[in-house]
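Please look over the sequence and the structure shown here before reading on. The report is meant for someone meeting them for the first time.

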Amino acid sequence: MPTLVHDGRIVTDSSVICEYLDETFPAPPLSPPGPGGRAAMRIWLRFLEEVPTAAIRVPSFHAALAHRFNALDDTRFRAEQADVRPIRKHFYRRMGPQGFSKDDVATSLDQLDLT
């Protein structure tokens with residue numbers, strides 16, 4: 001996860017970091033001038049956060065992590081891997097110890113292609 005540490009403050013998430021930098025160091029500006037330009041920027045940021053950022057997780061986690069959990073049964077996987085991650089609990093549960101389904105991976109790759 002992108003992380004910025006400034007004056008002892010930890011700021012995470014790319015778009016939040018950009019806004020923080022823009023407000024903390026206004027010159028040169030990172031955001032376009034005027035409310036219309038900033039609205040257009042926010043539209044793109046939201047799209048990037050909601051579509052490709054979410055879509056890339058499925059094939060990435062499937063390729064990088066799933067093989068680590070193959071020896072776990074579903075109950076143990078949930079207890080040791082999924083349920084200990086409140087933010088990503090349901091994502092991990094969907095992945096399961098054997099990885100994501102072929103349909104889940106194909107859907108994510110399709111979303112990336114459309115991006």
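What follows is a short report on a predicted model, arranged by region and by kind of feature.

## The hairpin at the start of the chain

Strand β1, residues 3-6, and strand β2, residues 9-12, are paired in the antiparallel sense over 4 bridges, and within this pairing Thr3 has Thr12 of β2 as its bridge partner. The hairpin has 2 residues between its strands. Asp7 lies in that loop between β1 and β2, where its phi is near 50°, a positive value in a residue other than glycine. With a relative accessibility of 74%, Asp7 counts as exposed.

A positive phi also occurs at Asp13, which is not a glycine and has a value of about 85°. Asp13 is found in the loop between β2 and α1, and at 33% relative accessibility Asp13 counts as partly exposed.

## A cis peptide bond between two helices

The loop between α1 (14-24) and α2 contains Pro28. The peptide bond that joins Ala27 and Pro28 is cis, with an omega of about -10°.

## Aromatic pairs

A search of the whole structure finds 7 aromatic pairs. In one of them, the ring centres of Trp44 and Phe47 are 6.1 Å apart and the planes stand at 90°, so this pair is edge-to-face. Trp44 and Phe47 are 3 residues apart in helix α2, residues 34-50, and so are separated by about one helical turn. Trp44 is exposed, with a relative accessible area of 58%, while Phe47 is partly exposed, with a relative accessible area of 29%.

Phe69 and Phe77 offer another example: their ring centres are 5.2 Å apart and their planes are at 65°, and because an angle over 60 degrees counts as edge-to-face, the pair is given that description. Both Phe69 and Phe77 are buried. Phe69 and Phe77 also belong to one aromatic cluster, which is formed by Phe61, Phe69, Phe77, Phe91, Tyr92 and Phe100.

## The nonpolar core

In soluble globular proteins, nonpolar side chains tend to be buried together. In this model the largest nonpolar core has 12 residues in all, namely Val58, Phe61, Leu65, Phe69, Leu72, Phe77, Ala82, Phe91, Tyr92, Met95, Phe100 and Val105. The elements that give two or more residues to this core are α3 (52-64), α4 and α5, and α5 gives the most, with 3 residues.

What does Tyr92 contact, once its neighbours within four places in sequence are left aside? Tyr92 is then in contact with Phe61, Leu65, Phe69, Phe77, Gln81, Ala82 and Arg85.

## Helix α4 and its buried side

Which residues of helix α4, residues 74-82, are buried? They are Phe77, Gln81 and Ala82. These residues cover an arc of only 70° around the axis, which puts them on the same side of α4. What covers the buried residues of α4 includes α5, residues 89-95.

At the N-terminal end of α4, Asp73 acts as a cap, with a side-chain oxygen that lies 3.2 Å from the backbone nitrogen of Thr75.

## Two residues and their distances in sequence and space

Gln111 has its place in helix α6, residues 102-114, and is partly exposed, with a relative accessible area of 34%. Although Gln111 and Pro52 are 59 residues apart in sequence, they are 6.7 Å apart in space, C-alpha to C-alpha. When residues up to four places away in sequence are not counted, Gln111 touches Val51 and Ala55.

Lys89 lies in helix α5 and, at 26% relative accessibility, counts as partly exposed. Lys89 and Pro29 are 60 residues apart in sequence and 37 Å apart in space, again from C-alpha to C-alpha. Not counting residues up to four places away in sequence, Lys89 touches Ala82 and Asp83. Of these two, Ala82 has already appeared among the buried residues of α4 and in the largest nonpolar core.

How values were computed
Residues numbered from 1 in each chain as written. Predicted model: local features only at pLDDT ≥ 70, side-chain atom pairs only at ≥ 80, totals over all residues. Heavy atoms only, no water. Phe/Tyr/Trp six-rings, centres within 6.5 Å; stacked < 30°, edge-to-face > 60°. Buried < 20%, exposed > 50% of the residue type's maximum accessible area, 1.4 Å probe, protein only. Arc of directions from axis to C-beta. Contact = heavy atoms within 4.5 Å. Polar contact = N/O pair within 3.5 Å; in protein donor to acceptor, adjacent residues only side chain to side chain. Pairing = 2+ DSSP bridges. Core = buried A, V, L, I, M, F, W, Y, C linked by side-chain atoms within 4.5 Å.
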